Amino acid sequence: MARTRGHWLLKSEPTAYSIEDLARDGQTFWEGVRNHQARNFLRDAMRKGDLVLFYHSNAKPPGVAGIAKVVSDAYPDATQFDPESRYYDPRASRDQPRWLVVDVAFVACFKHLVPLATLKADAALEGMLVTRRGQRLSVQPVEQRHYARVLELAGHPG
DNA sequence: GCCAACGTTGGC
DNA sequence: GCCAACGTTGGC
């Protein structure tokens with residue numbers, strides 16, 4: 001049986017990189033993940049073709065801004081080797097990289113952002129990780145039914 | 001600006 | 001291995 005397409009939520013501060021930036025670029029490296037749990041999701045569970053809710057964190061208001069798609073498997077994050085990068089990790093080496101990226105492509109920008117407050121208030125989204133207090137993980141798995149519901153709330157077709 | 005919730009670091 | 005101190009994330 002073929003693997004079911006996965007669904008994810010990726011957080012980005014829009015002042016650093018927004019859905020509009022992704023729309024302009026078409027595709028980007030999802031660099032700078034420096035949390036082991038998030039890294040393990042990239043490595044072990046994320047697959048080419050998976051769909052992504054693009055979440056604007058530290059925004060006013062925070063919320064889901066659009067949709068992206070995973071277009072590569074995980075591979076070493078080049079910024080870990082670059083002393084000039086804010087993501088530099090002196091413990092990483094080319095032989096033994098510690099951090100990974102995936103390539104992510106633009107799919108759609110919601111007409112209106114779906115605010116976190118709306119997600120929290122929606123009974124159908126109960127249990128969705130991002131609605132949980134203190135949930136800081138920047139790469140989160142999303143249940144298919146939650147993904148579909150967020151698109152519904154965004155008034156986004158199919 | 002405040003602070004909860006973690007994750008990391010480093011002394012022991 | 002324990003744990004206190006510290007730093008970061010990120011909502012409010």
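How many nonpolar, polar and charged residues does the lining of the largest pocket have?

## Basis of the model

This is a predicted model, in which local features need pLDDT of at least 70 and side-chain atom pairs count only at pLDDT 80 or more, while totals for chains, interfaces and linings use all residues. Residues are numbered from 1 along each chain as its sequence is written, and side-chain values use heavy atoms, with hydrogens and water left out.

## The largest pocket

The lining has nine nonpolar, seven polar and five charged residues, where Asp, Glu, Lys and Arg count as charged. The volume of the largest pocket (an open set of points on a 1 Å grid where a 1.4 Å probe fits, with protein on both sides within 12 Å along at least five of seven lines; lining residues have an atom within 4 Å of a point) is about 670 Å³. Of its 21 lining residues, Lys-11, Ser-12, Glu-13, Glu-31 and Tyr-87 are the closest to the centre. The strands (DSSP runs of E, at least two residues) β1 (7–12) and β2 (27–29) each supply at least two residues of this lining.

## Helix α2

In helix α2 (residues 36–44), the buried residues (under 20% relative accessible area, 1.4 Å probe, protein chains only) are Ala-38, Arg-39 and Leu-42. They cover an arc of only 100° around the axis, by the directions from the axis to the C-beta atoms, and therefore lie on the same side of α2. What covers these residues includes β6 (100–101) and β8.

## Asp-122

Asp-122 lies in the loop between α3 (116–121) and β8 (139–141), and it counts as buried because its relative accessibility is 11%. Leaving aside residues up to four places away in sequence, Asp-122 touches Arg-149 and Leu-153 (heavy atoms within 4.5 Å).

Definitions and conventions:
Chains are lettered from A and ligands numbered from 1 in the order in which they are written. Grid points are joined across faces, edges and corners, and a volume is the space filled by probe spheres set on the points. Helices (H or I, at least four residues) and strands (E, at least two) are DSSP runs, numbered from the N terminus. Buried means under 20% relative accessible area, exposed over 50%, partly exposed in between (1.4 Å probe, protein chains only).
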